[in-house]
Amino acid sequence: MHRVGFTTTIPLEVILAAEKSPVDLNNVFITSPANNRMIEEAEVDGFPRSICSWIKGIYAAILECGIKEIVAVTEGDCSNTRALMEVLSLRGVETVPFAYPHDRDPASVRFEIEKLMRHFGVGWDAVNLTRERLGRIRRKVREIDRLTWEENLVSGQENHYFQVCTSDMNGDPDRFEAEVESFLAGVQERTPFNDTVRLAFIGVPPIFDDLYPFIESLGARVVFNETQRQFAMPYDTPDLVEQYRAYTYPYDIFHRLSDILLELERRGVDAVIHYVQSFCFRQIEDMIVRQKIPLPVLTLEGDKPAPLDARTKIRIEGFLEMLAD
């Protein structure tokens, strides 16, 4: 199948209705065993060191995978995406812009979705059928999330994995659904976790590769992955337009916080880890997060794919010790 890459979550229903294979370029980059080399190659090609590693990784992933068409989110995600599109056009990659309107206006959201539909040559009937198919899978992933916080049977890493994979269904919805069903069939036999501290992880998914296991080695566990949960479209909505209006990630911090605060209370969260990416505009939002969230907040910053460094481990240990006291 013709592969279509994208820079962050988009209306996946359109890509699949057009019988294309979706590729979340973030997932390709972060799961590659050569992800640090990919960053270096982007810098050799001219990307500055002071640009977010995700942008450089996405660029290298596109070239390494030979992807010739991408959907680039120009509003509601990274502010460097426009420049990335321009660089990729020199490499012969077709770039299709998609924007999440800042005001979440229903007519504007519909316009953007229908513009994407026209590009891929699909209509609402096919898109809505695909939405029903994906909704079945998303509800099963929603059950994994519930088992994480309500029955304490799922680790923070597993919660992260299954929810983040819904951004592109690992390129094959049927195979991914089978993986989800297999996990659900086995998880009920587990002994529940007995945590001393229940944490929320908010912000973009971490670039660290061992954050969740390290937290659990200290007797704590992440029971709420904010952005990953949003990738899984956690709300029951009447149609596709409302689905992508309710999706919080691409909109303002206050829209995100309305969901975060509800989930912190519902899940009995004790404290929050706010992850920020180096050189990202979202770092500024940490000031608002600290004012609006009535729980202890630890802010962690990451740059390149790597295990946790010693300083970050010490900060996490100290934070958890403070909570235990």
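Let's start inside this predicted model, at strand 7, where Ala-271, Ile-273, Tyr-275 and Gln-277 point one way while Val-272, His-274 and Val-276 point the other way, and all of them are buried. In a regular strand the side chains alternate between the two faces of the sheet. Here both sets are hidden: seven of the seven residues of strand 7, which spans residues 271–277, are buried, so the strand is largely enclosed by the rest of the structure.

Who are the neighbours of this strand? Strand 5 (residues 197–203) runs parallel to strand 7 and is joined to it by five bridges. If you want a place to anchor your view, look at Leu-199, which stands opposite Ala-271 in strand 7. Strand 8 (residues 297–302) is another parallel partner, joined to strand 7 by six bridges. There, Val-272 stands opposite Val-297 in strand 8. To get from strand 7 to strand 8, the chain passes through helix 14 (residues 286–292), and this β-α-β crossover is right-handed.

Now turn to another sheet. This one is open, has four strands in the order 2-1-3-4, and pairs them in parallel. Strand 2 (21–24) and strand 4 (94–99) stand at its edges with a single partner strand each, so one side of each is left without a neighbour in the sheet. From one strand to the next, the twist averages 30°. Strands of a sheet pair through backbone hydrogen bonds, either parallel or antiparallel. For an example of the parallel sense, take strand 3 (residues 69–75) and strand 4, which pair over six bridges. Within this pairing, Ala-72 stands opposite Pro-97 in strand 4.

Helix 6 (residues 106–120) lies across strand 1 (3–6), strand 3 and strand 4, and runs at about 160° to strand 4. Helix 6 also leads us to the charged side chains. Glu-112 and Lys-115 both lie in this helix, three residues apart, or about one turn of the helix. Their side chains meet in a salt bridge, with an N to O distance of 3.6 Å. The two partners sit in unlike surroundings: Glu-112 counts as buried at 11% relative accessibility, whereas Lys-115, at 30%, counts as partly exposed.

How many salt bridges does the structure hold? The count is 29, and some of them reach well along the chain. Glu-177 forms one with Arg-136, and the closest N and O atoms are 2.8 Å apart. This pair links distant parts of the chain, with Glu-177 in helix 9 (residues 173–187) and Arg-136 in helix 7 (residues 124–149), 41 residues apart. Glu-177 is buried, with a relative accessible area of 9%, while Arg-136 counts as partly exposed at 36% relative accessibility.

A further link of this kind is the salt bridge in which the side chains of Arg-229 and Asp-259 meet (3.1 Å, N to O). Arg-229 lies in helix 11 (residues 226–231) and Asp-259 in helix 13 (residues 253–266), so to speak a link between distant parts of the chain, 30 residues apart. Arg-229 is buried, and so is Asp-259. Both belong to a network of salt bridges that links Asp-145, Arg-229, Asp-259, Glu-263, Arg-266 and Arg-267.

What about the cysteines? A disulfide is a covalent bond between the sulfur atoms of two cysteines. The structure holds zero disulfides. For Cys-165, the closest cysteine sulfur is in Cys-65, 15 Å away, which is too far for a bond. Cys-165 is also buried, with a relative accessible area of 4%. Cys-280 is in no disulfide either, and its nearest cysteine sulfur, that of Cys-52, is 6.1 Å away. At 18% relative accessibility, Cys-280 counts as buried, given that the cut-off for buried is under 20%.

That cut-off also helps with our last stop, Asp-195, which is found in the loop between helix 9 and strand 5. At 21% relative accessibility, Asp-195 counts as partly exposed. Leaving aside its neighbours within four places in sequence, Asp-195 is in contact with Gly-219, Ala-220 and Arg-221. To get a feel for distance across the model, compare its position with that of Leu-84: the two residues are 111 apart along the chain, and their C-alpha atoms are separated by 43 Å.

Technical notes. Residues are numbered from 1 along each chain as its sequence is written. This is a predicted model: local features need pLDDT of at least 70, side-chain atom pairs count only at pLDDT 80 or more; totals for chains, interfaces and linings use all residues. Side-chain values use heavy atoms; hydrogens and water are left out. Buried means under 20% relative accessible area, exposed over 50%, partly exposed in between (1.4 Å probe, protein chains only). Helices (H or I, at least four residues) and strands (E, at least two) are DSSP runs, numbered from the N terminus. Two strands pair if DSSP finds at least two bridges between them. A crossover is right-handed if, with the strands pointing away from the viewer, the path from the first strand over the helix to the second runs clockwise. Axes are lines fitted to C-alpha atoms, for helices over the stretch in contact, and angles run from 0 to 180 degrees between N-to-C directions. Contact means heavy atoms within 4.5 Å. A salt bridge is a side-chain nitrogen of Lys or Arg within 4 Å of a carboxyl oxygen of Asp or Glu. A disulfide is a pair of cysteine sulfur atoms within 2.5 Å.
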